[in-house]
Amino acid sequence: MAVALITGITGQDGSYLAELLLSKDYKVVGVVRRSSTSAFERIEHLLDDITTVQGDLHDQGSLLGLLEEYRPTEVYNLAAQSFVPTSWNQPALTGDVTALGVTRMLEAIRFVDTKIKFYQASSSEMFGRVQEVPQSESTPFYPRSPYGVAKVYGHWITVNYRESFDLFASSGILFNHESPRRGLEFVTRKITDGVARIKLGMQKELRLGNLKAQRDWGFAGDYVEAMWLMLQQDQSDSFVIGTGETHSVREFCEIAFGHADLDYKEYVVKDERFYRPAEVDLLISDPSKAYSVLGWEPVVGFKELVTVMVDEDMERLSTGTK
Ligand code: NAP
Ligand code: G4F
């Protein structure tokens with residue numbers, strides 16, 4: 001039986017990846033960090049089918065112990081301090097988890113079993129002040145946040161262990177991907193949650209930062225399929241995963257508010273607090289390598305993504321479900 005160990009299983013992507021791997025008859029082991037409150041909101045429906053274990057990317061021993069005990073065939077390293085603004089307030093912690101945490105997992109694999117296949121969750125945030133449009137696997141990195149810098153380290157240490165120790169270590173350079181399970185602080189979910197609250201009379205306005213920023217937004221459920229495909233190849237490699245389209249935060253607002261018969265201009269208030277010390281203005285992927293080598297393509301388009309997120313937030317808030 002294939003055994004997958006997922007770090008970050010309580011996060012957006014971890015929950016979709018666990019569902020995908022269960023549907024493929026994997027035994028799924030999810031690493032959860034110790035907390036005084038439960039972080040199982042996104043995986044509550046899976047708890048009977050997966051094994052959750054305590055571990056932390058800060059702690060080398062916990063990772064070694066987990067690999068020894070569960071002997072996974074595949075490790076998906078999705079855990080990170082993943083919110084870009086927090087990385088300016090907690091840059092050292094971000095580097096410790098998001099950068100050095102990758103090395104700790106790779107070291108654990110090197111010591112326990114070099115046959116374990118490894119997936120690293122790299123990010124389009126590494127392209128930062130983009131050196132090329134669109135961005136592909138060969139585009140140079142120019143990160144613009146401590147998070148982006150940490151992800152560049154995580155990416156290159158993955159490539160380095162692939163080349164130094166012959167590990168099967170793949171890096172997925174994923175562009176922004178969203179869903180109704182996205183954290184509420186990220187701009188897409190902040191907007192769809194805000195739209196639902198305004199429509200239901202629970203909130204009067206929505207305070208946002210830079211509306212001009214452009215992102216290549218896809219659906220998280222489609223992107224976890226690409227992660228799995230990367231580990232089914234004959235050789236490990238790096239792949240850009242995105243839709244090849246870009247849209248501004250303003251466009252996202254137009255569609256989201258419009259879907260609820262509202263005009264975003266009447267509700268969105270610009271707030272300096274949500275501007276960043278250094279911005280990533282434009283991201284747009286060239287996913288042609290993934291299309292041709294992995295046979296992967298996104299299914300959910302931009303407008304469908306936005307409207308589904310609004311609908312789910314309306315449903316959640318109007319029925320009082322979580
Ligand atoms: P997310 O929802 O923020 O989930 C992050 C996960 O990491 C959570 O399960 C969190 O646990 C866990 N975690 C944080 N610190 C940890 C630590 N020290 N030890 C163990 N676990 C820890 O992120 P996501 O959107 O699912 O993204 C998954 C991965 O892809 C991340 O590495 C992210 O940086 C990367 N990525 C995301 C996108 C995107 O658009 N979503 C794009 C490119 C790359 P708690 O639940 O306890 O907080
Ligand atoms: O939704 P965001 O916070 O995502 P960001 O910074 O692009 O990072 C996400 O995608 C990365 C992949 O490129 C991941 F690696 C990372 O882990 C994360 O998942 O912000 C998107 C854009 C930014 O340009 C930001 O300035 O939206 C702009 N924005 C405007 N107003 C806002 C807001 N962002 C947030 N979070 N909140 C606002 O009020």
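**Reading the terms: exposure, cores, rings and domains**

Q: D25 is found in the loop between α1 (12-23) and β2 (27-32); why does D25 count as exposed?
A: D25 has a relative accessibility of 58%, and exposed means over 50% relative accessible area, whereas buried means under 20% and partly exposed is in between (1.4 Å probe, protein chains only); D25 therefore counts as exposed. The loop is named by its flanking elements, where helices (H or I, at least four residues) and strands (E, at least two) are DSSP runs numbered from the N terminus. D25 also has a positive phi of about 65° although it is not a glycine.

This is a predicted model, in which local features need pLDDT of at least 70 and side-chain atom pairs count only at pLDDT 80 or more, while totals for chains, interfaces and linings use all residues. Residues are numbered from 1 along each chain as its sequence is written, chains are lettered from A and ligands numbered from 1 in the order in which they are written, and side-chain values use heavy atoms, with hydrogens and water left out.

Q: Why is R316 called buried, and W156 partly exposed?
A: R316, in helix α10 (residues 302-319), has a relative accessible area of 13%, so it falls in the buried class. W156 has a relative accessible area of 48%, so it is partly exposed.

Q: What makes the pair of Y76 and Y119 tilted?
A: Rings of Phe, Tyr and Trp (its six-membered ring) pair if their centres lie within 6.5 Å, with planes under 30 degrees apart counted as stacked, over 60 as edge-to-face and the rest as tilted. The whole structure holds 13 such aromatic pairs. For Y76 and Y119 the centres are 6.1 Å apart and the planes at 40°, so this pair is tilted. Since Y76 lies in strand β4 (residues 74-77) and Y119 in strand β5 (residues 117-123), the pair ties together parts that are 43 residues apart in sequence. Both Y76 and Y119 are buried.

Q: Why is the aromatic pair of F141 and W156 called edge-to-face?
A: The rings of F141 and W156 are 6.4 Å apart, centre to centre, with 70° between the planes, and the pair is accordingly edge-to-face. F141 lies in the loop between β5 and α5 (146-165) and W156 in helix α5, so the pair ties together parts that are 15 residues apart in sequence. Ring pairs also link F127, F141, W156 and F175 into a cluster.

Q: How do you know that the charged end of R181 sits over the ring of Y16?
A: The requirement is that NZ of Lys or CZ of Arg is within 6 Å of the ring centre and within 35 degrees of the ring normal. The charged end of R181 is 4.0 Å from the centre of the Y16 ring, and K117 lies over the face of F168 at 4.7 Å from the ring centre.

Q: What makes up the largest nonpolar core?
A: A nonpolar core is a set of buried Ala, Val, Leu, Ile, Met, Phe, Trp, Tyr and Cys residues joined through side-chain atoms within 4.5 Å. The largest has 59 residues, of which Y76, I191, I241 and F257 touch the most other members. Its largest share, eight residues, comes from helix α7 (residues 220-230).

Q: How large is the area buried between domain 1 and domain 2?
A: The protein is divided into domain 1 (3-177 + 218-241) and domain 2 (183-215 + 245-283 + 299-319), with bounds from an automatic or database domain assignment. Buried area is the accessible area (1.4 Å probe) that two parts lose on being put together, summed over both; here it is about 1400 Å², of which carbon and sulfur atoms give 63%.
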